[in-house]
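Colleague: I would like to learn how to read a model like this one feature by feature. Could you take me through it, giving the general idea before each case?

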Amino acid sequence: MAHIVLVMHEPLGRAFAECAAHVLGRVPQLTVFDVVADENPEAITERLTHTLVGHADGAVLVLSDIFGATPFNIARKALAQAAQQGAQGHLVTGTNLCMVLKALTANQDDPEKFSETI
């Protein structure tokens, strides 16, 4: 199954993860990168790139909240940097709770098909 990463404005990613835990009755298998308003985008991009490369053995699906906003730009840049290091991933924007739940319950390895599913 693809690894799921939420890259969103704080506190949305953590809130989605907590809602998913409540609905599913278990701690969801995902990584949350909530972007704080005054956080250095380059620093979080570097941390996110490191995480994406750490999952280079499998596909990664990155879910972001708003197209063109800082979290989206961080995710896009980190995915590009991770791809140069052999990691594959796919970015979906406009994420809502239903999409997060679908991503957590659909067992797919191909991030492109996975993004179409959610």
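Colleague: Where does Asp 65 lie, between which strand and which helix?

Modeller: Before placing a residue, keep in mind that this is a predicted model. Asp 65 lies in the loop that runs between β3 (60-64) and α3 (70-83).

Colleague: Which side chain of opposite charge is nearest to Asp 65, and how far away is it?

Modeller: For a charged residue, one looks for a side chain of opposite charge, and a salt bridge requires the nitrogen and the carboxyl oxygen to be within 4 Å. Asp 65 is buried and has no salt bridge, the nearest side chain of opposite charge being that of Arg 76, 13 Å away. The side chain of Asp 65 does, however, make a polar contact with the side chain of His 9, at 2.7 Å. Setting aside neighbours within four places in sequence, the contacts of Asp 65 include Val 7, Met 8, Leu 12, Pro 71 and Thr 93.

Colleague: Met 8 appears among those contacts. Is Met 8 buried or exposed?

Modeller: The cut-off to apply is that a residue under 20% relative accessible area is buried. Met 8 has a relative accessibility of 0%, and therefore counts as buried. This residue is found in strand β1 (residues 3-9), and, not counting residues up to four places away in sequence, Met 8 touches Phe 16, Phe 33, Asp 34, Leu 63 and Pro 71, among others.

Colleague: What is the peptide bond from Glu 10 to Pro 11, cis or trans?

Modeller: Here one reads the omega angle. The bond from Glu 10 to Pro 11 is cis, with omega near 10°, and Pro 11 lies in the loop between β1 and α1 (12-24).

Colleague: Turning to the helices, why do the buried residues of α1 line one face?

Modeller: An α-helix has 3.6 residues a turn, so residues three or four places apart point the same way. In α1, the buried residues are Gly 13, Phe 16, Ala 17 and Ala 20. Viewed down the axis of α1, these buried residues fall within an arc of 100°, and so they line one face of the helix. The face of α1 turned away from that buried side carries the exposed residues Glu 18 and His 22, while the cover over the buried residues includes β1, β2 and α4 (97-105).

Colleague: What span does α1 reach, and what follows this helix?

Modeller: A span is compared with the value expected at 1.5 Å a residue. With 13 residues, α1 reaches 18 Å from its first C-alpha to its last, close to the 18 Å expected. Gly 25, whose phi is positive and near 75°, follows α1.

Colleague: Which residues of α2 are buried?

Modeller: The reading proceeds as before. The buried residues of α2 are Ile 44, Thr 45, Leu 48, Thr 49, Thr 51 and Leu 52, and, since they fall within an arc of 165° when seen down the axis of α2, they line one face of the helix. On the face of α2 turned away from the buried side are the exposed residues Glu 46, His 50 and Gly 54. What covers the buried residues of α2 includes β1, β2 (30-35), β3 and α3. Thr 45, for example, has a relative accessibility of 3% and so counts as buried; leaving aside neighbours within four places in sequence, Thr 45 is in contact with Ile 74, Lys 77, Ala 78 and Gln 81.

Colleague: What does the start of α2 show around Asn 40?

Modeller: At a helix start, one checks for side-chain atoms that reach the backbone. A side-chain oxygen of Asn 40 comes to within 2.8 Å of the backbone nitrogen of Glu 42 at the start of α2.

Colleague: How many salt bridges does a search of the whole structure find?

Modeller: Such a search finds two salt bridges. In one of them, the side chains of Glu 39 and Arg 47 meet at 3.1 Å, N to O. Another joins Lys 77 and Glu 42, whose closest N and O atoms are 3.0 Å apart. That pair links distant parts of the chain, with Lys 77 in helix α3 and Glu 42 in helix α2, 35 residues apart. As for exposure, Lys 77 is partly exposed because its relative accessible area is 35%, and Glu 42, at 45% relative accessibility, likewise counts as partly exposed.

Note on methods:
Residues numbered from 1 in each chain as written. Predicted model: local features only at pLDDT ≥ 70, side-chain atom pairs only at ≥ 80, totals over all residues. Heavy atoms only, no water. Helix = DSSP H or I, 4+ residues; strand = E, 2+ residues; numbered from the N terminus. Buried < 20%, exposed > 50% of the residue type's maximum accessible area, 1.4 Å probe, protein only. Lys, Arg positive; Asp, Glu negative; His and termini not counted. Polar contact = N/O pair within 3.5 Å; in protein donor to acceptor, adjacent residues only side chain to side chain. Contact = heavy atoms within 4.5 Å. Arc of directions from axis to C-beta. Expected span 1.5 Å × (residues − 1).
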